[in-house]
Amino acid sequence: MDLSLWAKLNGTLINVATVALGTGLGLALRGRLPERMQTVIMQALGLVTIFIGLSMAGSMNKAGATLQSTAQAAQPIVVDGVVIGLVGLVVGGLLGEWWRVEERLAALGDWLKAKFRGSGRFTEGFVAASLLFCIGPMTLIGSINNGLIGDAQLLIIKAALDGLAAIALASSFGIGVGFSILIILIYQGGVALAAGALATILPNPAVDPRVLIITGVGGLMVVGVGINLLDLTKIRVASLLPALLMAPLFHWLISVL
């Protein structure tokens, strides 16, 4: 199917528009709401974010891999998806710290803040929104569907959710939330444009165990974003991003052994 550029990217562009609109509404509310109301909004968003993350994390239970034994009489060993996710998170987190992913993403936010004369918690809002809007199964599966067959339904649903979240985030963090549209364009748009190649690797992404393990690991990272929004502690979620590559890689290695 030969799709136009618009057909491949319309879901991503709609997502960008809703985040921009949500950011604008959040900024309009920012100076009008008492601080205690802004706190309640952030707490509500944090709790819902944790719920979404936990729901996603359950996908790891469906993503076990079978390690075939070399002994003829032995039974194949099934490695639980949670174990694969744990190894992926640990190794990915170590790589993320080595590559200083958290600092580099924060540095990008600081550069945008200086370039566009942002103020307040610009960088914190940029990082939190970028992670929240780009981690999750709807981003990956929705982008593949959009780029491959022009089906933007999942991304439109995601766009509505992101727009509502942007209102809450921008009311607390400010305009930095809006600059997350750059990450949405690069990551989500890139996946949509590369969907043809991805389709040969992931013919049925909704039930593919590699996607399920990515969803589960991403869900735990979303939980981390929620915990950060609630100010319970500071989880270095960006440093865990390499785990989204490491976990499916370990799953593949176990499957081919």
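The following exercises, each with a worked solution, concern a predicted model.

**Exercise 1. Annotated segments**

Task: State which residue ranges the UniProt annotation "transmembrane region" covers, and describe the chain over residues 152-170 and over residues 237-254.

Solution. Step 1: According to the unreviewed UniProt entry, the annotation covers residues 12-29, 41-61, 81-101, 122-140, 152-170, 177-199, 211-230 and 237-254.
Step 2: In the model, residues 152-170 are 95% helix and 0% strand. The C-alpha atoms at the two ends of this segment are 26 Å apart.
Step 3: Residues 237-254 are 67% helix and 0% strand, and here the end C-alpha atoms are 26 Å apart.

**Exercise 2. A nonpolar surface patch**

Task: Identify which residues make the nonpolar surface patch and which element gives the most to the nonpolar patch.

Solution. Step 1: The patch, of about 570 Å², is made by Trp-6, Leu-13, Ile-14, Ile-156, Leu-185 and Ile-186.
Step 2: Two elements give two or more residues to this patch, namely helix H1 (5-30) and helix H8 (181-193).
Step 3: H1 gives the most, with 3 residues.
Step 4: Take Leu-13 as an example. Leu-13 lies in helix H1 and has a relative accessible area of 37%, so it is partly exposed. This value satisfies the patch criterion of over 30% relative accessible area.

**Exercise 3. Salt bridges of Arg-236**

Task: Determine which side chains form salt bridges with Arg-236, and where in the chain the partners lie.

Solution. Step 1: The criterion is a side-chain nitrogen of Lys or Arg within 4 Å of a carboxyl oxygen of Asp or Glu. By this rule, the model has 6 salt bridges.
Step 2: Arg-236 and Glu-97 meet the criterion, with an N to O distance of 2.7 Å. Arg-236 is in the loop between helix H10 (209-229) and helix H11 (243-256), whereas Glu-97 is in helix H3 (residues 81-99). The pair thus links distant parts of the chain, 139 residues apart.
Step 3: Glu-103 also forms a salt bridge with Arg-236, the closest N and O atoms being 2.6 Å apart. Because Glu-103 lies in helix H4 (residues 101-115) and Arg-236 in the loop between H10 and H11, this pair ties together parts that are 133 residues apart in sequence.
Step 4: Arg-236 is partly exposed at 33% relative accessible area. Glu-97, at 35%, is partly exposed, and Glu-103, at 30%, is partly exposed.

**Exercise 4. A further pair and a network**

Task: Classify Asp-208 and Arg-210 as buried, partly exposed or exposed, and state which residues are joined into one network by salt bridges that share partners.

Solution. Step 1: The side chains of Asp-208 and Arg-210 meet in a salt bridge of 2.9 Å, N to O.
Step 2: Buried means under 20% relative accessible area. Asp-208 has 9% and therefore counts as buried, while Arg-210, at 25%, is partly exposed.
Step 3: Through shared partners, salt bridges join Glu-97, Glu-103 and Arg-236 into one network.

**Exercise 5. Geometry of helix H8**

Task: Compare the span of H8 with the expected value, and determine where around the axis its buried residues lie.

Solution. Step 1: H8 has 13 residues and reaches 17 Å from its first C-alpha to its last. This is close to the 18 Å expected at 1.5 Å a residue.
Step 2: The buried residues of H8 are Ile-184, Gln-188, Gly-189, Val-191 and Ala-192.
Step 3: These residues cover an arc of only 155 degrees around the axis, so they are on the same side of H8.
Step 4: As general background, an α-helix has 3.6 residues a turn, so residues three or four places apart point the same way.

Technical notes
Residues numbered from 1 in each chain as written. Predicted model: local features only at pLDDT ≥ 70, side-chain atom pairs only at ≥ 80, totals over all residues. Heavy atoms only, no water. UniProt positions renumbered as here; feature names shortened; annotations may be inferred. Helix = DSSP H or I, 4+ residues; strand = E, 2+ residues; numbered from the N terminus. Patch = residues over 30% accessible without salt bridge, like charges linked within 9 Å, V, L, I, M, F, W, Y side chains within 5 Å. Areas by Shrake-Rupley, 256 points an atom, 1.4 Å probe, with all protein chains shown as cover. Buried < 20%, exposed > 50% of the residue type's maximum accessible area, 1.4 Å probe, protein only. Expected span 1.5 Å × (residues − 1). Arc of directions from axis to C-beta.
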